[in-house]
Amino acid sequence: MTQAQISQPKIKLWMAAIKPPMYSVAIMPVWVGTALAFAEKKVFDVTVFCTFLVGAILILAWENISNDVFDSETGIDKNKHHSLVNLTGNKQLIFWLGNLCLIAGLSEILAIAIWQQDPTVFGIVLVACGLGYIYQGPPFRLGYQGLGEILCFFAFGPLVVTAAYYSQTQTWSMTSLAASVIVGIPTSLILFCSHFHQVKDDIAAGKRSPIVRLGTAKGSQLLTWFTGSIFPLTLLFVLCGIFPVWTLLSWLSLPYAFKLCRHVQQNHHQPEKVSNCKFIAVKVHFWSCLLFGLGFMI
Ligand SMILES: C/C(=C\COP(=O)(O)OP(=O)(O)O)CCC[C@H](C)CCC[C@H](C)CCCC(C)C
Ligand SMILES: O=C(O)C1=CC(=O)c2ccccc2C1=O
């Protein structure tokens, strides 16, 4: 923990604990699945869309709140001043606040299932929540084995994009599966980026994050390959006639992708400098997914 981090004002610590920009990871898969449903089937149920969005945000709030609870049990967050548990000193309160968000979020998704007399969307979201739990909750804690990025890809990619598409159409689509890959990769990149500055604390707590396993130098190279993969992959799906040409609008997010790769390559070994790379990755994710979804609507 640096002097700068220790002396941060309370409001800054609370904002860092709540992480508002991170909630775009819950919004984008719902947006892309819904945009694709509109493109393919010309349907758009605004009530289902808004209900799904609120549910997704609440479920992500549960994931983040309970992350601070579970991490307080392993000691990994002892230097994390912006952990909700450290800020309030009340683990029970935070635990129940998280559970309340989960119940409220799942109730939104259940409402969609009841309106449509079809449990499919609820079932898919329940599986995504299961992946969220085994990422951090006992006895699994698969994130501590370096498996978080894989869970993250399937949860925010194939599962939630498919559920959002299904919530609008009550059918399945291969294009939706392809689109979910384009959403899943940048979401996992955010998680990947979040480990660069935490190597010391992770090793001390026995967490073998991908960056602990690979080292920061190799990690920065892998980041460049995966970030770079999103754009040619989209082009490939366009050339195969799976995506409309307008989905290439997502290439307008390339400046953020370059910024991310350059920043991490230059600073991967300096925790204080690289610690903001997660938020550059959020920008890559936000703009690439927003424009990608727009490409289906045009
Ligand atoms: C909480 C997550 C990452 C934080 O991990 P870490 O412990 O390294 O963070 P700190 O350093 O800040 O302590 C995200 C984990 C994502 C997970 C693998 C999958 C989550 C699935 C969601 C619950 C599904 C949401 C569905 C919704 C959008 C409908
Ligand atoms: O706090 C974090 O580091 C993350 C929180 C979060 O909700 C999320 C969701 C999807 C991918 C990555 C992340 C985080 O890194």
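# A guided tour from helix α2 to helix α15

Begin by selecting Ala17, which has its place in helix α2, the run of residues 10-18. Keep in mind throughout that what is on the screen is a predicted model. With a relative accessibility of 6%, Ala17 counts as buried, because the term covers residues under 20%. Which residues is Ala17 in contact with, once its neighbours within four places in sequence are left aside? Show the side chains of His82, Leu84 and Leu87, for these are the residues that Ala17 meets. If you then draw a distance from the C-alpha atom of Ala17 to that of Gly215, which is 198 residues away along the chain, the viewer should give a separation of 27 Å.

Move next to Lys19, which lies in the loop between α2 and α3, the latter spanning 24-41. The backbone deserves attention here, since the phi angle of Lys19 is near 50 degrees, a positive value in a residue other than glycine. Is Lys19 buried or exposed? Its relative accessible area is 12%, and Lys19 is therefore classed as buried.

A second residue to select for its backbone is Gln117, found in the loop that runs between α6 (91-116) and α7. Gln117 is not a glycine, and yet it has a positive phi of about 50 degrees. Its surroundings can be described by the relative accessibility, which at 69% makes Gln117 count as exposed.

Now colour two helices, α4 (residues 46-74) and α7 (residues 120-136), whose axes come within 10 Å and cross at roughly 20 degrees. Because angles under 35 degrees count as roughly parallel, α4 and α7 are described as roughly parallel to each other. The crossing of these two helices, α4 and α7, is right-handed. To see where they meet, display Phe52, Ile59, Trp62, Glu63, Ser66, Asn67 and Phe70 on the α4 side, and Val121, Val125, Cys129, Gly132, Tyr133, Tyr135 and Gln136 on the α7 side. Sorted by class, the contact of α4 with α7 holds nine nonpolar, four polar and one charged residues.

Continue into the loop between α7 and α8 (148-169), and select Pro139, which is found there. What kind of peptide bond joins Pro138 and Pro139? The bond is cis, with omega at about 0 degrees.

The next stop concerns aromatic rings. A pair of aromatic rings is described by the distance of the centres and the angle of the planes. The count for this model comes to 13 aromatic pairs. One of them is formed by Tyr133 and Phe140, which are arranged edge-to-face, with 6.2 Å from centre to centre and 85 degrees between the planes. Tyr133 is partly exposed, with a relative accessible area of 27%, and Phe140 likewise counts as partly exposed, at 43% relative accessibility. Another pair to display is that of Phe292 and Phe296, also edge-to-face, with 5.1 Å from centre to centre and 75 degrees between the planes. These two residues, Phe292 and Phe296, are four residues apart in helix α15 (residues 277-297), so about one helical turn separates them. Both Phe292 and Phe296 are buried. If you add Phe237 and Phe243 to the selection, you have a cluster in which ring pairs link Phe237, Phe243, Phe292 and Phe296.

From Phe237, turn to the helix contact in which this residue of α12 takes part. The axes of α9 (residues 174-193) and α12 come within 10 Å and cross at roughly 165 degrees. Angles over 145 degrees count as roughly antiparallel, and α9 and α12 are therefore roughly antiparallel to each other. The crossing of α9 and α12 is left-handed. On the α9 side the contact is made by Ala178, Val181, Ile182, Ile185, Pro186, Leu189, Phe192 and Cys193, while the α12 residues include Gly219, Leu222, Phe226, Thr227, Ile230 and Phe237. By class, the contact of α9 with α12 divides into 14 nonpolar, four polar and no charged residues.

Finish with a single residue of this contact, Thr227, which lies in helix α12 (residues 216-239). Its relative accessible area is 1%, and Thr227 is therefore buried. Leaving aside neighbours within four places in sequence, which residues is Thr227 in contact with? Select Leu189, Ala257, Leu260 and Cys261 to see them around Thr227.

Key: Residues are numbered from 1 along each chain as its sequence is written. Chains are lettered from A and ligands numbered from 1 in the order in which they are written. This is a predicted model: local features need pLDDT of at least 70, side-chain atom pairs count only at pLDDT 80 or more; totals for chains, interfaces and linings use all residues. Side-chain values use heavy atoms; hydrogens and water are left out. Axes are lines fitted to C-alpha atoms, for helices over the stretch in contact, and angles run from 0 to 180 degrees between N-to-C directions. Angles under 35 degrees count as roughly parallel, over 145 as roughly antiparallel, 65 to 115 as roughly perpendicular and the rest as oblique. A crossing is left-handed if the near helix is turned anticlockwise from the far one by less than a right angle, and right-handed if clockwise. Contact means heavy atoms within 4.5 Å. Ala, Val, Leu, Ile, Met, Phe, Trp, Tyr, Cys and Pro count as nonpolar, Asp, Glu, Lys and Arg as charged, and the others, Gly among them, as polar. Rings of Phe, Tyr and Trp (its six-membered ring) pair if their centres lie within 6.5 Å; planes under 30 degrees apart count as stacked, over 60 as edge-to-face and the rest as tilted. Buried means under 20% relative accessible area, exposed over 50%, partly exposed in between (1.4 Å probe, protein chains only).
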